[in-house]
Amino acid sequence: MDAVLDNHWLLGNPEWWNLKDELPPDIRNGELTPNSNWATSTPRLGNHGWMRQRMKPLAYKLLFPLAWAPFFLILTVIPLVFSGETPNDQLISFIFFSISWILVIYPLFDSRELQLSHINSIYKLPIDWNLLFIGIAIFPIHILVDPRFGWISYLFLCAAMYRTIRLIQNMMLIPPSRFVLPIEIKNWNSGDLNNSWSIKSNKWNIGPIAHYKCLDGYLTLSGMRRSKVNFLSITFVHKSGFIQDPFFKREKEDLILINILQKPPTIMGNSWPKKFLITSEEE
């Protein structure tokens, strides 16, 4: 996760949204405010309460390579259509194919690592692995049996690319954010959570403390530290491993997530340190 100044840590770096002379608003389009059961605040209000902490949008890492990936997939067939024009048609085609999917897989994997996600499996990434593997499996048949199988393989690979880009777009509709609360770590006890939570640690620690299984991922409670201040954080971790704002408009409602978010963890937070807040002079 890219470093930002403490006073930009909650609202997000203005440069992410091309804001040159102003700070981001407390609420952006699509962001929801927790219900009255939650004690919440904003960097402009300060005092006590949970606050949304926005992370760097995924678009910075993903849009450029995703725009080039289909281009290299198209180039894959050029040496095969115009055979004999390169020193090794099969090798050149394989290189173009490899580049096309590296431009998809590596930025996704790297972006997820930067979010400090605790879901690390490459097969959890929003990629249509089934179509991709079918296309790869069919490809050698065109050499051994019939060249027409090469085009069947290519159709599967194009479908996999299209489906993958759609999966990534859908995953990116909800930006990466979490809600954080400064706490005294001695005041936290995971035993106060209801029995539906899967407890990883009874005491506060840096990293996952507990999670709650939802339809498309997990609501996760974690401990974190910033500038020598200890926090409890709550976020939604998509099944792909990417962090998403738990309080954000969704096209498909997750009733399990909605239900568990009706009641916040039972803990009294500390007053927010001034270094994380926005003063009138900074506006």
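This report walks through a predicted model of one protein chain, from its overall build to a few single residues.

## The chain as a whole

Let us begin with the broad view. The chain contains 7 helices and 7 strands. Read from the N terminus, its elements follow the order β-α-α-α-α-α-α-β-β-β-β-β-β-α. A strand therefore opens the list, and a run of helices comes next, before a run of strands and a closing helix.

Along the principal axes, the C-alpha atoms fit in a box of roughly 70 × 50 × 30 Å. The chain has 283 residues, and 47% of them count as buried. If you look at contacts with a separation of 6 or more, 65% of them join residues that are 24 or more positions apart. The number of disulfides in the structure is 0.

## Two helix pairs that share α6

Two packed helices are described by the angle between their axes and the distance between the axes. Helix α6 covers residues 148-172, and it takes part in both pairs described here.

How do the axes of α4 and α6 cross? They come within 8 Å, at an angle of roughly 160°. An angle over 145 degrees counts as roughly antiparallel, so α4 and α6 are roughly antiparallel to each other. The crossing of α4 past α6 is left-handed. On the α4 side, Leu 131, Leu 132, Ile 134, Gly 135, Ile 136 and Ile 138 take part in the contact. Their partners in α6 include Phe 149, Ile 152, Phe 156 and Arg 163. By type, the residues of this contact are 11 nonpolar, 2 polar and 1 charged.

The second pair joins α6 to helix α1, which spans residues 59-75. These two axes come within 11 Å and cross at roughly 165°. By the reasoning used for the first pair, α1 and α6 are therefore roughly antiparallel to each other. Their crossing is left-handed. In α1, the residues that meet α6 include Ala 59, Leu 62, Leu 66, Pro 70 and Ile 74. Among those on the α6 side are Tyr 154, Leu 157, Cys 158, Met 161 and Met 172. Which kinds of residue make up this contact? The residues divide into 15 nonpolar, with no polar and no charged ones.

Leu 157 is one of the α6 residues that meet α4, and it is also one of those that meet α1. Cys 158, which belongs to the contact with α1, is partly exposed, with a relative accessible area of 29%.

## Buried or exposed?

Now for some single residues. A residue counts as buried under 20% relative accessible area and as exposed over 50%, with partly exposed in between. The table puts five examples side by side.

| Residue | Relative accessible area | Class |
|---|---|---|
| Cys 214 | 2% | buried |
| Ser 93 | 2% | buried |
| Cys 158 | 29% | partly exposed |
| Ser 227 | 31% | partly exposed |
| Asn 202 | 53% | exposed |

Cys 214 sits in the loop between β4 (207-213) and β5 (217-226). Which residues does Cys 214 contact, apart from its neighbours within four places in sequence? They are Leu 219, Phe 236, Asp 254, Ile 256 and Leu 257. Leu 257 is 43 residues away from Cys 214 along the chain, yet 5.8 Å separates their C-alpha atoms.

Ser 93 belongs to helix α3, residues 89-114. With neighbours within four places in sequence set aside, Ser 93 is in contact with Thr 76, Pro 79 and Leu 80.

Asn 202 is placed in the loop between β3 (198-199) and β4. Beyond its neighbours within four places, Asn 202 is in contact with Trp 188, Asn 189 and Ser 190. From the C-alpha atom of Asn 202 to that of Leu 91, 111 residues apart along the chain, the separation is 55 Å.

## Two residues with a positive phi

Most residues other than glycine have a negative phi. Which way does the phi of Asn 47 point, positive or negative? Asn 47 has a positive phi of about 65°, although it is not a glycine. This residue lies in the segment before β1 (51-54).

Ser 227 is not a glycine either, and its phi is positive, at about 50°. Ser 227 is found in the loop between β5 and β6 (229-238).

Terms used: Residues are numbered from 1 along each chain as its sequence is written. This is a predicted model: local features need pLDDT of at least 70, side-chain atom pairs count only at pLDDT 80 or more; totals for chains, interfaces and linings use all residues. Side-chain values use heavy atoms; hydrogens and water are left out. Axes are lines fitted to C-alpha atoms, for helices over the stretch in contact, and angles run from 0 to 180 degrees between N-to-C directions. Helices (H or I, at least four residues) and strands (E, at least two) are DSSP runs, numbered from the N terminus. Angles under 35 degrees count as roughly parallel, over 145 as roughly antiparallel, 65 to 115 as roughly perpendicular and the rest as oblique. A crossing is left-handed if the near helix is turned anticlockwise from the far one by less than a right angle, and right-handed if clockwise. Contact means heavy atoms within 4.5 Å. Ala, Val, Leu, Ile, Met, Phe, Trp, Tyr, Cys and Pro count as nonpolar, Asp, Glu, Lys and Arg as charged, and the others, Gly among them, as polar. Buried means under 20% relative accessible area, exposed over 50%, partly exposed in between (1.4 Å probe, protein chains only). A disulfide is a pair of cysteine sulfur atoms within 2.5 Å.
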